[in-house]
Amino acid sequence: MDRIRVRGGNRLNGIIPISGAKNAALPLMIASLLSDETLTLDNVPRLADVNLLQHILGNHGVDVTMSGKRAGDDENDGQTLRLSAKNIVDTTAPYHLVSKMRASFWVIGPLVARMGKARVSMPGGCAIGTRPVDFHLDALRALGADIEIEEGYVIANAKKGLRGAPIKFAKVSVGATHTALMAAALAKGETVIENAAQEPEVFDLADCLIKMGAKISGAGTSTITIQGVERLHAARHSVLPDRIETGTYLMAVAMSGGDVLLKGAKPELLQAALDLLAKAGAEITSTNEGIRVKRDGNRIEPVDVSTAPFPAFPTDLQAQLMALMTRAKGTSHIRETIFENRFMHVQELARLGARISVDGQTATVEGVERLKGAPVMATDLRASVSLVIAGLAAEGETMVHRVYHLDRGFERLEQKLARCGAAIERVAG
Ligand code: UD1
């Protein structure tokens, strides 16, 4: 298994191009199941999760083609995928595929909406919490699907098609909002989703569905209204920039010091994180080209923050912020309100000399003068990148094991950082 070796102490200077968002690309690819015409997606990041989803969609009968490299192409440009679900040959998503990536459960919405049936494996547990799918099932039931659970599979049937209905989520869920949006797009009549997720990736999915002919208003707010249509057609859509990748590099530069332009980043996608970092002492400027982040010699100020649904500070940046705060000039309090078990990086950061204690959902981080490199283990996607950030500031060598987690969600991480001066490399095997 590959590892990543980081030698701490270098400042970061230069340009880091921001890739298309993984969390937008996945539902957008799944939306291709809604139409028998081709969906073309630009700016798709080159990630293990994207490859895996191609495989999963292929199993349902979706033809996926990837455009090859053209002369003059910038290697930082995302790839273009053409997804054609002309013939859906299989409405089952098997356990061995769904268990590898939770988001693949989301095929259930489009399959039942277009084909009237779906049999999708329950995704099972996950390192960061129990992550049930009850809201997805409630939404499909509201739209008239008959839902049964047999041998670990959700079996959804709507022989006469789905019917628009009011859906009110008890709690904000990004995935369940995606499911409801995609299913309602082809349901008969009007659906109103209340307490919908307002994350930019929901807006991006709705935007693409509208290009495919869906009638959707209110995406990006907590109430989304959908007038179902009979069919959706071909469309072309470009995936929005990755706000989590952006936030991760912001923390990396704040950690190591330096001056970096995050090219293509959009400030409105992560204003809460930008405000927090500015408070912590990083200098942040938005330009036409992206976001520029600078920090000179001063130490980072501690912060108190809670994760919460968009537009608040995102749970997917919690581990990275914690890494940064390990070297702050005082004590920070970081409260995780979205997932109940998302502090697995704490033990690993402690191996580098961080002082963190956890009480329920709150981590108290006492800033220390120095971190010292050590071997550490990546436990999940965002936790693993927090170890890289800590390694950038630790004395000596940090070896991050199990980096396959990183490859799921960060495109060419070590290259992007190395080009700005970080001493970081992948060690194969
Ligand atoms: C998505 C993101 C993930 C991010 C999360 C929260 C993708 C591929 N993943 O995950 O990176 O951390 O949003 O911003 O886009 N819940 C239920 N029942 C359900 C569904 C969710 O109780 O049926 C709970 C979850 O356990 C969690 C909370 O709702 O506590 C929010 O989860 P949700 O927004 O659904 O996360 P995902 O869509 O899985």
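Visitor: How many bridges join strand E1 to strand E23?
Guide: Strands here are DSSP runs of type E with at least two residues, and helices are runs of type H or I with at least four, all numbered from the N terminus. Two strands pair if DSSP finds at least two bridges between them. E1 covers residues 3–7 and E23 covers residues 397–401, and the two run antiparallel. The number of bridges that join them is four.

Visitor: Which residue in E23 stands opposite arginine 7? I should also like to know what kind of model this is.
Guide: This is a predicted model, in which local features need pLDDT of at least 70 and side-chain atom pairs count only at pLDDT 80 or more, while totals for chains, interfaces and linings use all residues. Residues are numbered from 1 along each chain as its sequence is written, and side-chain values use heavy atoms, with hydrogens and water left out. The residue in E23 opposite arginine 7 is glutamate 397.

Visitor: Which strands stand at the edges of the sheet with the order E22-E23-E1-E24?
Guide: This is an open sheet of four strands with mixed pairing. Each edge strand has a single partner strand, so one side of each is left without a neighbour in the sheet. The edge strands are E22 (375–377) and E24 (423–427).

Visitor: By how many degrees are neighbouring strands of this sheet turned against each other on average?
Guide: The axes are lines fitted to C-alpha atoms, for helices over the stretch in contact, and angles between N-to-C directions run from 0 to 180 degrees. For this sheet, direction is ignored, and the average is 20 degrees.

Visitor: Which strands form the edges of the open sheet E4-E5-E3-E14?
Guide: Four strands form this sheet, and their pairing is mixed. E4 and E5 (residues 79–84) pair in the antiparallel sense over four bridges, with aspartate 63 opposite serine 84 in E5. The strands that pair on one side only are E4 (63–66) and E14 (235–238).

Visitor: Which residue in the turn between E8 and E9 has a positive phi?
Guide: E8 (residues 146–150) and E9 (residues 153–157) run antiparallel and are joined by five bridges. They form a hairpin with two residues between them. The residue with a positive phi, about 45 degrees, is not a glycine; it is glutamate 151.

Visitor: Which residue is joined to phenylalanine 310 by a cis peptide bond?
Guide: The omega of this bond is about 10 degrees. The partner lies in the loop between strand E18 (304–306) and helix H10 (318–325). It is proline 311.

Visitor: Between which domains does the ligand lie?
Guide: The shell consists of 19 residues, each with a heavy atom within 4 Å of the ligand. Domain bounds come from an automatic or database domain assignment. Both domains give residues to the shell, so the ligand lies between domain 1 (3–19 + 241–427) and domain 2 (22–238).

Visitor: Which helix supplies the largest share of the shell around the ligand?
Guide: Helix H5 (134–142) and helix H6 (174–185) each supply at least two residues. The largest share is three residues. It comes from H5.

Visitor: How far is a polar side-chain atom of aspartate 134 from a nitrogen atom of the ligand?
Guide: A polar contact is a pair of N or O atoms within 3.5 Å; within protein, one must be able to donate a hydrogen and the other to accept it, and residues adjacent in sequence count only if both atoms are side-chain atoms. A polar backbone atom of valine 174 is 2.7 Å from an oxygen atom of the ligand. For the side chain of aspartate 134 and the ligand nitrogen, the distance is 2.6 Å.
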